[in-house]
Structures are given as structure tokens and as C-alpha cells.
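Here are my notes for you, written to be read with the viewer open. Have a look at the picture first, then work through the points one at a time.

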Amino acid sequence: MSKEMVEALDALESEKGIKKEYVIESLEAALVAAYKRNYNQAQNVNVEFDAKKGNIHVYAVKEVVEDVVDDRLEVSLEDAQKKSRGYEVGDHVQEEVTPKDFGRIAAQTAKQVIMQRVREAERDIIYNEYSQYEHEIIQGTVERSDNRYVYINFGKIEAVMSKNDQMPGETYNSRDRIRVYVTKVENATKGPQVFVSRTDPGLVKRLFEQQVPEIYDGTVEIVSIAREAGDRTKIAVKSDNPDVDPVGTCVGPKGTRVQAVVDELNGENIDVVPYVDDPVDFIANALNPAEVIAVQFDENDKKQCIVIVPDYHLSLAIGKKGQNARLAAKLTGYKIDIKPESQVEFVDDNDQDVDISDVESGKIDIEKTRENAANADDAENPAANNSDEIDNEDDSTDSEE
């Protein structure tokens, strides 16, 4: 057995990448438990494995004492010094107690330990290999599906895609080749588990990185993505390079770049909008293609606003079943309440009505008007002055009479 054991350990290290020392440590611990179990021994024992020859030795570990109470755990100082005069009270002595038939038990135990370590090592290898694909796109083959999951084969492991991660309108047949986004890789007790998705916004981001080199190298940045998978996605992009048009870069010549992403997502509509630091302009861009007249922010909640749009663009701003407004809110991070211009009355700080047409045409800047009004001094009322002059004239007339 000794020669076969050493060869098996060498093969594990060279083929599976399992360190010999790691297996030997586990083997010695397992042999200690096997010895106690098979020989009904409760004493302290130590098992040593010779990595060169493959020999196994079992030693009983006993403490050196003056008076022995339990000879299974203790040895007298006199007996210990017969082996070596250097022993003192409190030291530990090892006595070999290797059974004659222990080789058979050791072989069975070694087989179990090695098989367990092989399984663990294979799980670790698979986990380390696929954990690097987390938040990346990977291609696999559909194996089967049930009421809960679609199972996708990646070669060494089978990934699962839940109902919420499946694109509406898509069907997944056995042996179909599909590209999916890896959302999570777990190293569970039963082995690594890979979870994938076709609905995650990260899939859109990675697809654009593959189609647009400027996104991959950082010239153009994807700031945020709002997605309702299978129907529509809004993506906000920007570039610190003034010579680069981020929207045009993502769309590509004749729309080829964005069309490649649309084709991968089976016709899902994609709106690419420019990101700007000014929240008013960003919200207006996010509501594209609807026209925005003004944006008013809630004084108590800076993340809530009212967006005024022309009456004829109200349905366009809200979108089908509120989709355009929802996506714009997700994209910008603001809670958006859309109102038509006919239902909104602008009032400046002088309590005077402002004609909405003047705001829409740009003749009046609401914010500037309010700022000027706040900084201006209180002016006298012309009507009141006229009234005082009339009263004075009346008084002087009466006195003359």
C-alpha cells in the first residue's frame, strides 16, 4: 500500500493541483478518528505518515507524572526516563501502538479522504474559474427548463436562470445557444452555483461595451441605465472629451452599433440620452421624445419634481402605461410628476400671474424672475400714490372754500 499511496498523492498534485501536504494533513486526522473508532481507544493518539515511503505509524501520547492514575493517558517519570533521561514531569511521551492490521483500515480511510479532497478541489477550481465571470456576459447551451428555471450548460457547470431573469416573449429550447449575464456565483455546500439573467440592466451595459470601443476604453461613460426588459431601455451617457459626441458614438454610423444591441435583445427599443450635471436638463433629456417646458423641484424633497409639458405632449411624456415616466424616474433618480401646461399656473414672487406662453418661448425665465424679485427692494404702489395725490387735491380745495 505504501508505494501506491505515494504515487496517488503525487498524481493528485500534478493532475488536480491538490497539494500533497494538504491531503496528508487531512489523512492523518482521519486516521486518528479511524483508530479510536475501530479499536475502542479514547486515549490521545497521533498518526504520522511518511510522505517518502508511505509508512503509517500510530503513537499514543502520554503525559509524564509522578503518580500514574490512568495508564492510557499517563506514564510515570521513572518509566519515561528509561527511554530518555531528559524527560521531566509535565512532558509528553509518544509510544508506538500501531496495530498489525491497521494497514487495511488506513487504506480504506485514505481512499475516502482522497475522494473527498478531490471533490472539494474540483469544486474550488470550478468556482474560481467561473467567479471571474461574475457581472460579465457568457455564452452557453440550453439544456432543459421547468416551471422555475432554465438550465444552461457552460461545459463544466450548469447555470440556472429564474423566471424573473427570463426575457418576456423569448422561448428557450433545448440546444439553443444563448448569451446571458452572470449575476452571481456562489460556492455552496453542494458545489458552485451560477445564476444568470437576460433581464438585468448589466446585460445592456456589457453589450454596449462590446459594440462601442469608446465605452470600453473609458472615453464614453455609461452613467445610468433604466430597463424594462423586452420592451424599452433608456441609457444615459457622457464624455469628458468635448470633441466626442457620446450619443452619436453609441448610436454609431447609420445606427449600426445600437442596432447590434437591439438585435441581441430581440428588438428591445433603446433610447440613448446625453447626461448633463444640471438636473433640469437631465430630466428633460430623460423624458425624450417629449418636449419639456419647465421643471419645478419640491422645496421639502429635492428628489421630487413637477415636470410641465405641452398638452399635446402629455401622453408622449407619460408613455404607454406610464413607461416613459417610469424609465425617466429610474434613469435620473428623481420622483417625477408630469402635468400639462393648461393645469399649471406660474406665479412669480410679486404674486403676478405669468403667461405660460412667455415661459415656453423663453421670454421669461422663471428662476431668474424669482431671484430678481427676492433681491429687489419693496417698491411703492403706484396706485396708492395716485390715490394720495387725489386726496391732497380734495383737501386743498375744501380749505380754499
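The points below go from the whole chain down to single side chains.

1. **What kind of model this is.** Keep in mind that this is a predicted model. The average pLDDT over the protein chain is 81, and 84% of the residues reach at least 70.

2. **Where to be careful.** Two stretches deserve a warning. In residues 347-357 the pLDDT stays under 50, and the model gives this stretch 19 contacts beyond four places in sequence. Residues 363-401 also have a pLDDT below 50, with 16 contacts beyond near neighbours in sequence. Where pLDDT is low, don't read the predicted coordinates in detail.

3. **The overall build.** You can count 14 helices and 17 strands in the protein chain. Of its 401 residues, 37% are buried. Take the contacts with a separation of 6 or more: 57% of them join residues 24 or more positions apart. The accessible surface is about 24,000 Å², and carbon and sulfur atoms supply 43% of that.

4. **One residue to zoom in on: Asn 324.** You'll find Asn 324 in helix H11, which covers residues 323-332. Is Asn 324 buried or exposed? With a relative accessible area of 7%, Asn 324 counts as buried, because the cut-off for that is under 20%. Its side chain has a polar contact with the side chain of Lys 234 at 3.0 Å, and also reaches the backbone oxygen of Leu 287 at 3.2 Å. Leaving out residues up to four places away in sequence, Asn 324 touches several others, including Ala 286, Asn 288, Leu 316 and Ile 318.

5. **Cysteines.** How many disulfides does a search of the whole structure find? The result is zero. Two cysteines you might click on are Cys 250, buried with a relative accessible area of 1%, and Cys 305, also buried, with a value of 1%.

6. **Salt bridges around Arg 206.** Side chains of opposite charge can pair when their charged atoms come close. The whole structure has 13 salt bridges. One of them joins Glu 136 to Arg 206, with the closest N and O atoms 3.6 Å apart. This pair links distant parts of the chain: Glu 136 sits in the loop between helix H4 (102-131) and strand S5 (137-145), while Arg 206 belongs to helix H5 (residues 201-211), 70 residues away. Glu 136 is partly exposed, at 32% relative accessible area. Arg 206 also meets Glu 209 in a salt bridge, at 2.7 Å from N to O. Here both partners lie in helix H5, three residues apart, or about one turn of the helix. Glu 209 is buried, at 17%.

7. **A buried pair.** Next, look at Glu 268 and Arg 227, whose salt bridge has its closest N and O atoms 3.0 Å apart. Glu 268 is in the loop between helix H8 (256-264) and strand S12 (269-274), and Arg 227 is in strand S10 (residues 221-228), so the pair ties together parts 41 residues apart in sequence. Both Glu 268 and Arg 227 are buried.

8. **A network to trace.** Which residues are linked in a network of salt bridges? They are Glu 170, Arg 179, Arg 198 and Glu 264. Try selecting these four together in the viewer.

Note on methods
Residues numbered from 1 in each chain as written. Predicted model: local features only at pLDDT ≥ 70, side-chain atom pairs only at ≥ 80, totals over all residues. Heavy atoms only, no water. Helix = DSSP H or I, 4+ residues; strand = E, 2+ residues; numbered from the N terminus. Buried < 20%, exposed > 50% of the residue type's maximum accessible area, 1.4 Å probe, protein only. Contact = heavy atoms within 4.5 Å. Areas by Shrake-Rupley, 256 points an atom, 1.4 Å probe, with all protein chains shown as cover. pLDDT = per-residue confidence, 0-100. Polar contact = N/O pair within 3.5 Å; in protein donor to acceptor, adjacent residues only side chain to side chain. Disulfide = S-S within 2.5 Å. Salt bridge = Lys/Arg side-chain N within 4 Å of Asp/Glu carboxyl O.
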